[in-house]
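Trainee: I would like to test the labels on this model one by one. Can we set each value against its cut-off?

Mentor: Yes. Here is the entry.

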Amino acid sequence: MSKKSADAIVIGGGIIGAATGYYLAKRGLKVFILERKFPCAGSTGRCIGGIRAQFTHDLTIRVMLKSIKMFQELHEELGTDVEWYAGGYLFLAFDEARKKSFEQAIEIQRRYGLKVDFISADDCGRIVPGLNREGLLGGAWCPTDGQANPFKVTYGYLEGVKRLNGQVFVNADVKKINLSGTRVVSVETANGDEFFSPIVLNAAGPWASEIGKLAGIEIPVKPDRHEALVTEAIERCLEPMLVDYRADGCYFVQHYGTGHFIGCYTPVPIVPGDSVDASDEFITEMPRRMVRLLPKLASVKVLRHWAGSYEMSPDGNPICGKTPVEGFYVSAGMSGHGFMFGPALGELMAELITTGESSIDLSEFRLDREWSKAEAMK
C-alpha cells in the first residue's frame, strides 16, 4: 500500500483516458493514469479503427472534424506512426428511407464544411470495384474519413504522458473515491494504494457508471456486446470503410498497410452487459454478410474473432464535462466511437478541466442534458 499525489488522476487507460491525460500533461499538470487491467484492455483494443465525421449531431460533427485534423498530424505530435490513412467511408443505401436519411445528414454535415456527397450505385462501384450493387440505390461518400491503429495511438499518448512527468499504473482497479464535503480528494485501488488529487477524470469506458457510483454520481452508460473479426491479409482491393445499415448488414475495412480485413456488425437484438464472449452466430454471419457485399472475399479466411463493449449513452452521444462533485469530471458514453473521438475530446476536456471552458463548447454533451437529440448514424 502506498500514498501518492498528482495534479490530475485519470481513471481508464483506453484512448479517452490516454489522450486526455496527455493533453493535461502538456498543460503542465502531473498526471497519473490508473488502468484496472492494462492499456487497451477495454473497448479501445477491441474496436476496428474507423474514423469518420459523417454524423448527424452538430457538435459531434464539429468534434470529429477537429479529431480528423489531429489524426492527420498525430505522427508528428506523438513521434510515432499511428497508421492514419484517409481511405474514406461509404455508407450504402438499399432503400428509399435510408437514402433520404443520408441526404438529410449530408445537408447537416456540409454546413460544417465536410466534403460529402450522395453518389449513385455506379459511382459506388467505381470506388469499390467488385461491389455487389443488387438493390443498391447509392451511398453517402466522404473521402476524408479514414482509419488508424488504436493500439499505436493509445500507447503513443501514454508514452507522451510518461515523457511529460506523468505515470501510468496498470492493475490499478479503483474501488473507492473519497470526498471532502462536495469535493473529490483521492481514489483508492483494490490493492490499498491511495492517490490524492483535486482533479479526477472518469474515463472508464464501459465501467463509467460503476466509477460514477463510487462518487455518488449516476452516469447513464450501459455497455452492450459487439463482436468483430479479422481475416488473413490479401492484395489490396478496398479503400473505404464499407457500412451497410440493413438489419443484417455489417461494416468492414481493409487495413491499408497489412491487407487484413477487419469488421463487425451491431447484433439484433442488442446483447446488454460487458460480456466479451465470442459467439458461433457471429463467426457464421459476419463472413456471409461481407461476401454478400464483396463477393471476391469468398475465399478469404478468417483468422480470429473477439467481442468487446460499446459504452452506450441514452442518446448515442458522449457524456463530457463536470459532475455535481467538485473536481470530478466524466468523459464516457462514447457509444462505439471513442477511438475516433479520442484526440479531439482529449484536448477539449483538458482545456475544460484547466480553464473552465473549451475551444469547442461541449455543453450539449453535459451529464445533466435531456437526452433529446439522438445520433442517427450510430
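Trainee: Which strand holds N202?

Mentor: N202 sits in strand β13, residues 200-202. Keep in mind that this is a predicted model.

Trainee: Why is N202 called buried?

Mentor: The cut-off for buried is under 20% relative accessible area. N202 has 0%, so the label applies.

Trainee: What does N202 touch, beyond residues up to four places away in sequence?

Mentor: The list includes I11, I211, G212 and I219, and also F328, Y329, V330, S331 and A332. A208 is touched as well. The N202 side chain also reaches the backbone oxygen of A208, at 2.9 Å. A polar contact needs N or O atoms within 3.5 Å, so the 2.9 Å pair from N202 to A208 qualifies.

Trainee: Now L229. Where is L229, and how do you know whether L229 is buried or exposed?

Mentor: L229 lies in strand β14. Its relative accessible area is 0%, so L229 is buried.

Trainee: Which residue 75 places away in sequence is paired with L229?

Mentor: R304, at 5.8 Å in space, C-alpha to C-alpha. R304 is also among the contacts of L229, as are H305 and W306. F282, M286 and M290 are others.

Trainee: Those three belong to α7. How do you know that the length of α7 agrees with a helix?

Mentor: α7 has 14 residues, 280-293. At 1.5 Å a residue they should span 20 Å. The end C-alpha atoms are 21 Å apart, which agrees.

Trainee: Which residues of α7 are buried?

Mentor: F282, E285, M286, R289, M290 and L293. They cover an arc of only 130 degrees around the axis, so they are on the same side of α7. On the other side, D280 and T284 are exposed.

Trainee: What do the buried residues of α7 pack against?

Mentor: Strands β5, β14, β15, β16, β17 and β19.

Trainee: How does α3 do on the span test?

Mentor: α3 has 16 residues, 96-111, with an expected span of 22 Å. Its end C-alpha atoms are 23 Å apart, which agrees.

Trainee: What makes you say that the buried residues of α3 line one face?

Mentor: The buried residues are F102, A105, I106, I108 and Q109. Seen down the axis of α3, they fall within an arc of 165 degrees, so they line one face of the helix. E96, A97, K100, E107 and R111 are exposed on the other side. The cover over the buried residues includes α2, β5, β6 and β7.

Trainee: What happens at the start of α3, and what follows the helix?

Mentor: At the start, a side-chain oxygen of D95 comes to within 3.1 Å of the backbone nitrogen of A97. After α3 comes G113, with a positive phi near 85 degrees.

Trainee: Which residues have a positive phi without being glycine?

Mentor: N171 is one, with phi about 50 degrees. W371 is another, with phi near 60 degrees. Most residues other than glycine have a negative phi.

Trainee: Why do N171 and W371 get separate accessibility labels?

Mentor: Exposed means over 50%. N171 has 55%, so it is exposed. W371 has 25%, so it counts as partly exposed. N171 is in the loop between β9 and β10, and W371 is in the segment after α8.

Trainee: Why is the bond between V268 and P269 worth flagging?

Mentor: It is a cis peptide bond, with omega about -5 degrees. Most peptide bonds are trans. P269 lies in the loop between β17 and β18.

Trainee: Back to α8. Why does L352 count as buried?

Mentor: L352 is in helix α8, residues 338-355. Its relative accessibility is 13%, and buried means under 20%, so L352 counts as buried. Beyond four places in sequence, L352 is in contact with G321, E357 and S358.

Trainee: Last one. How much space lies in the second largest pocket, and what lines it?

Mentor: About 390 Å³. Of its 19 lining residues, the closest to the centre are F151, V230, H255, I262 and W306. α5, β17 and β19 each supply at least two residues of the lining.

Key: Residues are numbered from 1 along each chain as its sequence is written. This is a predicted model: local features need pLDDT of at least 70, side-chain atom pairs count only at pLDDT 80 or more; totals for chains, interfaces and linings use all residues. Side-chain values use heavy atoms; hydrogens and water are left out. Helices (H or I, at least four residues) and strands (E, at least two) are DSSP runs, numbered from the N terminus. The expected span of a helix is 1.5 Å times one less than its number of residues. Buried means under 20% relative accessible area, exposed over 50%, partly exposed in between (1.4 Å probe, protein chains only). The arc is that of the directions from the helix axis to the C-beta atoms. Contact means heavy atoms within 4.5 Å. A polar contact is a pair of N or O atoms within 3.5 Å; within protein, one must be able to donate a hydrogen and the other to accept it, and residues adjacent in sequence count only if both atoms are side-chain atoms. On a 1 Å grid over the protein atoms alone, a cavity is a set of points where a 1.4 Å probe fits but cannot get out, and a pocket is an open set with protein on both sides within 12 Å along at least five of seven lines; lining residues have an atom within 4 Å of a point. Grid points are joined across faces, edges and corners, and a volume is the space filled by probe spheres set on the points.
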